[in-house]
Amino acid sequence: MRREAPQKLSDYGPLFFPAMMLIVFFVVPFATMIAVSFFQRQQGGFYVPAFELANYQRFLSLFFANVLGFSLMLAVTVAICCIVLAVPFTYLLTRMTRKVQIVWLVALLSVLSLSEVIIGFAWSTLFSRTAGITNLLVMAGIMSEAKALLPSFGAVLTGMVYQAFPYTVLVLYPALVRLDPTLTEAARTLGASPVKAFFTVVIPALRNTITATLIMVFIFALGSYLLPQLLGRPQHWTLSVLITDQAIYQSNMPFAAAMAVFLVLVTLGLVALTVLAGRKGEAA
Amino acid sequence: MTGALSKVYFFLIGLFLAAPMIVVAGVSVNAKQTLAFPPKGFSLSWYGEIFLNPEWRNALFASLTLAILSAALAVAIALPLAWFLWRRIAPWANIFQLLGIAPFTLPPVITALGLLTFWATTGFYGQPWTAVVSHAIFFVTLPLVTLSLGFTAIDRSLVEAAATMGADDRTIFRTVVLPLILPYIVSGYAFAFVLSLNEYIVAYMTVGFTMETLPIKIFNALRYGYTPTMASVTILFVATAAVIFSLVARFGDLPKLLGAMSSDDT
């Protein structure tokens with residue numbers, strides 16, 4: 001059937017329910033949150049309609065600047081680690097047989113779908129003193145005594161890379177599968193080793209994909225809220241943790257909302273960058 | 001040489017992905033209530049605990065109910081939208097596609113906070129059904145993406161043939177489109193279901209004080225120390241996800257769903 005523009009009002013019928021749901025339960029809540037970010041907080045966790053910028057002014061503190069700086073730094077580190085691990089992995093994966101690919105994809109999806117609670121619990125067990133990997137090192141005679149590896153920055157980073165790695169692979173997968181295999185074949189025929197062909201042919205051909213993926217993983221890592229709590233110390237808390245903390249435990253909804261609006265702006269700015277990077281990629 | 005190198009690399013990545021689960025699986029079969037690895041003794045009683053202990057059982061049922069209903073609602077929102085976008089030329093309607101993808105792209109805490117302020121303002125805060133709606137909106141992206149992919153795979157001439165022979169939109173949808181799109185509905189549902197089962201922050205912010213889903217239960221239990229049931233629940237969740245995605249791979253075309261070209265080309 002040819003696609004055609006809707007002619008009668010009833011042609012819009014199928015759109016009615018999805019549009020209503022998305023407007024009522026996504027657009028309106030979003031607008032509510034923005035409105036609340038300007039509200040005035042009352043004692044006891046309530047807030048009254050107002051228009052004040054006090055909630056936003058609180059950003060201008062050293063504490064907040066530190067948290068924001070740490071969140072961005074952590075997300076960038078996670079994104080870089082994931083890209084470095086995932087690009088060669090995904091490239092090799094797409095060159096394997098379909099059966100092997102499916103097994104790995106199922107495993108990656110299973111890890112990706114895991115709750116942050118579960119990932120946090122699993123890694124805190126692995127890093128614990130009584131049941132952790134240090135016990136294996138003790139058995140092997142490398143260490144003299146088992147010890148806890150958390151809370152620490154390394155634990156937070158490991159947990160977040162674990163969470164974001166499958167996501168990175170799945171974002172890279174479509175672009176790498178479509179990569180023309182004759183590119184590397186040509187390089188090989190001309191005498192390049194597989195490793196050299198990978199770095200001189202595959203990586204440059206994927207430059208835009210890698211940039212876009214880096215930004216997507218960065219946003220993904222920015223949303224992590226439980227792992228910094230479960231695996232790190234309070235100085236490892238990110239903006240997402242702080243928002244949850246203000247909303248639930250400090251009952252300061254207006255401030256939480258203001259921080260969330262700020263986080264949206266940062267994220268949207270980055271999505272715009274991704275789209276721009278994608279456009280350039282198509283033009284090239 | 002490079003073949004061996006890539007094997008080693010895959011082994012290390014596999015080890016990284018599996019290591020926490022191996023330790024948790026070991027911990028989950030400890031005979032006593034201790035956090036020890038390698039496990040001391042062997043017992044499957046912590047798996048029984050999930051179903052026998054009323055607190056864990058209630059959390060399991062709450063999570064299952066939430067996942068079944070919210071995934072269904074997510075598909076109910078995504079299907080007509082994807083169908084309309086495929087059937088009609090209405091560029092402005094793409095805004096709804098964008099709205100459907102936004103909740104999943106933004107950091108989850110934002111969607112969670114938006115819904116929290118919304119339910120609090122409207123006075124429904126804490127009611128169990130609000131979690132179903134919240135999860136459906138949060139995960140509508142998944143069926144929307146799989147269904148959009150599914151529709152583009154349908155040969156339009158099939159539908160045209162049906163239209164030429166006098167079938168109206170409704171009949172075409174039921175007899176031609178639905179059978180072709182069914183695998184994508186199922187995989188979209190499966191993705192939303194598994195993710196809803198595992199979701200913490202949206203559920204916590206909307207109904208965290210009145211209802212305990214399994215992830216909320218694990219987190220609350222973690223704050224009071226350790227019980228081995230957490231480990232057995234974790235393994236149960238990993239196994240569930242692996243089984244569901246294997247089924248999707250078995251009956252659908254997983255590489256294609258994840259964006260690769262169709263199996264004939266590769």
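**Exercise 1. Work out which sequence separations dominate the contacts in chain B.**

Start with the contacts in chain B that have a separation of 6 or more: 71% of them join residues 24 or more positions apart. Keep in mind that this is a predicted model. Next, look at the elements behind those contacts. Chain B has 13 helices and zero strands, and its pattern along the sequence is simply α-α-α-α-α-α-α-α-α-α-α-α-α. Finally, add burial and extent. Of the 266 residues in chain B, 47% are buried, and the C-alpha atoms occupy a box of roughly 70 × 65 × 30 Å along the principal axes.

**Exercise 2. Describe the side of chain B that touches chain A.**

First, count the partners: 74 residues of chain B contact 73 residues of chain A. Then ask which element of chain B gives the most to this side. That is helix α1 (residues 2–28) of chain B, with 11 residues. Now sort the residues of this side by class, and you get 57 nonpolar, 12 polar and five charged. To judge the complex as predicted, read off an ipTM of 0.83 and a pTM of 0.86.

**Exercise 3. Find where the predictor is more and less confident in chain B.**

Begin with the average: chain B has a mean pLDDT of 84, and 95% of the residues score at least 70. Now compare the elements. Helix α6 (residues 128–139) of chain B has the highest mean, 92, while helix α13 (residues 254–257) of chain B has the lowest, 79. Lastly, check residues 261–266 of chain B, where pLDDT stays under 50. For this stretch the model has eight contacts beyond four places in sequence.

Technical notes:
Residues numbered from 1 in each chain as written. Chains lettered and ligands numbered in written order. Predicted model: local features only at pLDDT ≥ 70, side-chain atom pairs only at ≥ 80, totals over all residues. Contact = placed C-beta atoms within 7 Å. Helix = DSSP H or I, 4+ residues; strand = E, 2+ residues; numbered from the N terminus. Nonpolar A, V, L, I, M, F, W, Y, C, P; charged D, E, K, R; others polar. Buried ≥ 20, exposed ≤ 12 C-beta atoms within 10 Å, placed from the backbone. pLDDT = per-residue confidence, 0-100.
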